[in-house]
Amino acid sequence: MEPEALLHVQDLKVGVRVGKRMKFVIEEVSLMIRRGEVLGLVGESGSGKSLICAALLGLLPPAADVQAGQVLLESIDLLRLPPKRLRQIRGAQIAFIPQNPMTACNPSLTIGQHFLETLRAHGNSGSKRERLECAVAILEQVGLPRAGQIVGLYPFELSGGMLQRVLIALAAVLQPKVLVADEPTTALDPDNQELVLSCLRNLCAEHKMGMLLVSHDLHLLSRCARQTAVLHTGRIVESGLLCDVMRDPQHAFTRALVNAAVSKV
Ligand SMILES: Nc1ncnc2c1ncn2[C@@H]1O[C@H](COP(=O)(O)OP(=O)(O)OP(=O)(O)O)[C@@H](O)[C@H]1O
């Protein structure tokens, strides 16, 4: 039996205002993510990957607007929720892992305080000690050694790879149904990339989360994603099982991506 669809994006269209006119940068994008499954969204720089992530989370920049489409999280259309309800769902049911861990953290808060704040903001009524225990447990799950000490450290005291795993833990602590990860390994060296990818793979499998993993690198996606969708100038030009797409790419743009990926192996 096919696992059930968690996130279903249908015919998404996003425009950005350029002076007085609207330029459409995302057109008729449809994606489906099932429980426990990683969908790799691949595309060239400027193809619209980050705007799709932002649209899913209701975090488009002021110049951009959703013009059409649906983003169904199970049966709820995120594009049509009042802002207050969307804020409750964001983080708790659909969470974001950013590209650059160094700029995503608040430098004046310890790692533990980041977790306390996230849990408090989403109504966790446990004591401070219970919330910190929760933080330590998820930090251990993402493979960070000495998690009990890490909660007392500030972001600058951790390496980029460790901090990215902290952010993954922070995104996962409320056990969202879907994780959206926009190029989460860009700022990392190859060893840390591998650690982060395996941490994402394990989290999704263990908690049956769905994940949208964004990259411009098909080879990198092939280490984590089962399904893929290929984005080219704002449109999905090909999608399916990543192994099939890599074996027999149909679109000229996908063939170029596959050749680039093969040359990295
Ligand atoms: N705030 C904005 N104002 C105007 N245009 C924007 C804005 N954000 C993005 N765009 C345009 O929308 C298109 C898609 O941008 P987006 O950042 O989503 O691409 P991307 O695939 O994520 O690129 P990269 O891999 O380089 O991050 C680009 O043409 C970009 O110039």
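The paragraphs below lead through a predicted model, from an annotated stretch of chain to a sheet, a loop residue and a ligand site.

A UniProt record, an unreviewed entry, places the feature "domain: ABC transporter" at residues 7–258. Over that stretch the chain is 40% helix and 29% strand. The C-alpha atoms at the two ends of residues 7–258 are 26 Å apart.

One open sheet is a useful place to start looking. This sheet has 6 strands, in the order 6-7-8-3-9-10, and their pairing is mixed. Its edges are strand 6 (94–97) and strand 10 (235–241), each of which pairs on one side only. On average, and with direction ignored, neighbouring strands of the sheet are turned by 15° against each other. Helix 7 (residues 160–172) packs on the sheet, where it touches strand 6 and strand 7 (178–182). The direction of helix 7 makes about 170° with that of strand 6.

In general, the strands of a sheet pair through backbone hydrogen bonds, either parallel or antiparallel. The sheet described here has examples of each. Strand 3 (residues 38–43) and strand 8 (residues 210–215) are a parallel pair, joined over 5 bridges. Within this pair, Leu41 has Val214 of strand 8 as its bridge partner.

Strand 9 (residues 227–232) and strand 10, by contrast, run antiparallel and are joined by 6 bridges. Here Val230 has Glu238 of strand 10 as its bridge partner. The two strands, 9 and 10, form a hairpin with 2 residues between them. Thr233 lies in the turn of this hairpin and has a positive phi of about 45°.

Away from the strands, Gly123 sits in the loop between helix 4 (111–121) and helix 5 (128–141). Is Gly123 buried or exposed? A residue counts as exposed if 12 or fewer other C-beta atoms lie within 10 Å of its own. Gly123 has 9 C-beta neighbours inside 10 Å, and therefore counts as exposed. Gly123 can also be placed relative to Gln88: the two are 35 residues apart in sequence, and their C-alpha atoms are 9.5 Å apart in space.

The last stop is the ligand. There are 14 residues around the ligand, and those that come nearest are Ser45, Lys49, Ser50, Leu51 and Pro61. Which element gives the largest share of this shell? That share, 3 residues, comes from helix 1 (residues 49–57). By residue type, the shell around the ligand divides into 6 nonpolar, 7 polar and 1 charged.

Definitions and conventions: Residues are numbered from 1 along each chain as its sequence is written. This is a predicted model: local features need pLDDT of at least 70, side-chain atom pairs count only at pLDDT 80 or more; totals for chains, interfaces and linings use all residues. A residue is near a molecule or strand if its C-beta atom, placed from the backbone, lies within 6 Å of it. Helices (H or I, at least four residues) and strands (E, at least two) are DSSP runs, numbered from the N terminus. Ala, Val, Leu, Ile, Met, Phe, Trp, Tyr, Cys and Pro count as nonpolar, Asp, Glu, Lys and Arg as charged, and the others, Gly among them, as polar. UniProt positions are given in the numbering used here, feature names are shortened, and annotations may be inferred rather than shown by experiment. Two strands pair if DSSP finds at least two bridges between them. Axes are lines fitted to C-alpha atoms, for helices over the stretch in contact, and angles run from 0 to 180 degrees between N-to-C directions. Two residues are in contact if their C-beta atoms, placed from the backbone, lie within 7 Å. A residue is buried if 20 or more other C-beta atoms lie within 10 Å of its own, exposed if 12 or fewer, and partly exposed in between; C-beta atoms are placed from the backbone.
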